[in-house]
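Hi,

Here is the structure I promised to pass on to you. Have a look at it first, and then read on for what turned up.

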Amino acid sequence: MLKPPFILSIAGGGSTYTPGIVKSLMVRLSDFPLAEIRLYDIDSARQETIAPVVEKVIRDHSQTIKFTTTSDPEIAFSGAHFVFAQMRVGQYKMREQDEKIPLRHGVVGQETCGPGGLAYGLRTILPMVELIDMVERYADNNAWIVNYSNPAAIVAEGVRRLRPTARVLNICDMPVAAMRNMGAILGVDRHKLEVDYFGLNHFGWFTRVRVDGEDKLPALRRHIAKFGLLTEDAAQTDPQHSDPSWVKTWRNIKPIMDHFPDYLPNPYLQYYLMPNDIVEHQDPDYTRANEVMNGREKKLFAAAEEYKRTGILPDAFHVGVHGAFIVDVACSLAFDLRQRHLVIVENKGAIANLPYDAMVEVPAYITAAGPEPVRMGAVPLFHQTLLMQQLASEQLLVEATLEGSYEKALQAFTLNRTVPTMQHAKAILDDMIEANRDYWPALQKAWVNGE
Ligand code: G6P
Ligand code: MN
């Protein structure tokens, strides 16, 4: 087992999420003792902008934890026990492209869903594998990478194919954010909820929600039929996802459950089940990437600037389930706590009627040797079919990346439920190739003009 106090590296140190994650670590130091925090980022200018804020957060809680920032992987990972990965290949500028290119063709433009998510996957799989290799080269042999990097479903599948034995646990905060909202609606702390869940990342359903053994889905259904997955006063429920676009997303749980009331859907299902409505309400010239750049990112940069000038750090970043969840998962890995969390794992029969090797999102007991998934049984035909189509789209995208195949990329785009026709798929893919030329592996066509 890994011995505390730990050396923790954050890959993607310049992320807007870093101060919040570090704050979550600081309030849990007695559970997860730290000797050193290292920030690693290939964009050192961005990382150096955010680093003083992070250092201040650390020093408010500890004078002894060593703090290092670097762009050198050897310095970042030597002897590290944990790596929290949150890379964003191409940064928000490329997220903007992922969102705007499909919208130009009347198709959902989203960071992780639809063509945008597929494009982001093509950018991220190989850099993620590079990161794993660097960590394996320099870090403690028993080090764990806990990975938030998106698109998590595709990243998980790419890593499974290329580095099947790597000590990587892929996670997402969306189910736990949904549980926070359920807790707020039910008037209980989210840790009191016992849930079952099945799906792929950003594509799944809660099938059971209990508190002290009592079924709470009926009460949630009644609330959702009026307000969606938010309390009446949205601002009270969710400070992390509180921009109007997120409020709308939580509210959209209502129309989905109006049609299919059996299970409680992951909010990302809105993009697959009601794409027309989503496109209608998206401004093709001002997408979520713009909101984030002009909101969360700008606020944090301005606070860093003000802190440098005045020595006073304004309230500029969010501390919530995102940071708390990754710390929970790391504690369970570090100390073999066997806590039950929703994570992304190889299926191995957990969902009986999905392929054995699919990367699925289900509850798992998190042990020092990794996640032990819980069996969710066979899922209904409707959900199984939706999942199979999405899985095929994501797997073909991974194969396109590894084989450099244009045809497989086109199949991946065509199979995605957000894309209405093969002509849409091709037009979007061709625009994406152009926009991603600095990032994507080359995609070759097997036939050109019939030859
Ligand atoms: C949720 C998802 C993440 C995603 C994020 C986007 O937390 O689980 O995978 O990256 O939302 O939020 P943003 O505020 O950047 O649109
Ligand atoms: Mn996520």
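Below is what was found, starting with the overall build and ending at the metal site.

Please keep in mind that this is a predicted model. The protein contains 18 helices along with 13 strands. Its C-alpha trace extends over about 65 × 60 × 45 Å along the principal axes. For 451 residues, a compact globule would be expected to have a radius of gyration near 22 Å, and the protein comes out at 21 Å, so the two agree.

As for the packing, 57% of the 451 residues count as buried. If you take the contacts between residues at least 6 apart in sequence, 72% of them join residues at least 24 apart.

On the outside, the accessible surface amounts to about 18200 Å², and carbon and sulfur atoms account for 51% of that. The charged side chains number 46 positive and 55 negative, with the centres of the two sets 3 Å apart.

Now to the part you may like best at the bench: which protein atoms are the donors of the manganese ion (ligand 2)? They are SG of C172 and NE2 of H202, at 2.2 to 2.4 Å from the ion. C172 sits in the loop between β6 (168-170) and α7 (174-186), while H202 sits in the loop between β7 (193-200) and β8 (203-211), so this pair ties together parts that are 30 residues apart in sequence. Both donor residues, C172 and H202, are buried.

Happy to talk it over whenever suits you.

Best wishes

Conventions: Residues are numbered from 1 along each chain as its sequence is written. Chains are lettered from A and ligands numbered from 1 in the order in which they are written. This is a predicted model: local features need pLDDT of at least 70, side-chain atom pairs count only at pLDDT 80 or more; totals for chains, interfaces and linings use all residues. Side-chain values use heavy atoms; hydrogens and water are left out. Helices (H or I, at least four residues) and strands (E, at least two) are DSSP runs, numbered from the N terminus. The radius of gyration is taken over C-alpha atoms; the globule rule is 2.2 Å times the number of residues to the power 0.38. Buried means under 20% relative accessible area, exposed over 50%, partly exposed in between (1.4 Å probe, protein chains only). Contact means heavy atoms within 4.5 Å. Accessible areas come from the Shrake-Rupley method with a 1.4 Å probe; for residues, only the protein chains shown count as cover. Lys and Arg count as positive and Asp and Glu as negative; His and the chain ends are not counted. The place of a charge is taken as NZ of Lys, CZ of Arg, CG of Asp or CD of Glu. Donors are N, O and S atoms within 2.8 Å of the metal (3.2 Å for Na, K and Ca); water is not among the atoms, so sites may look incomplete.
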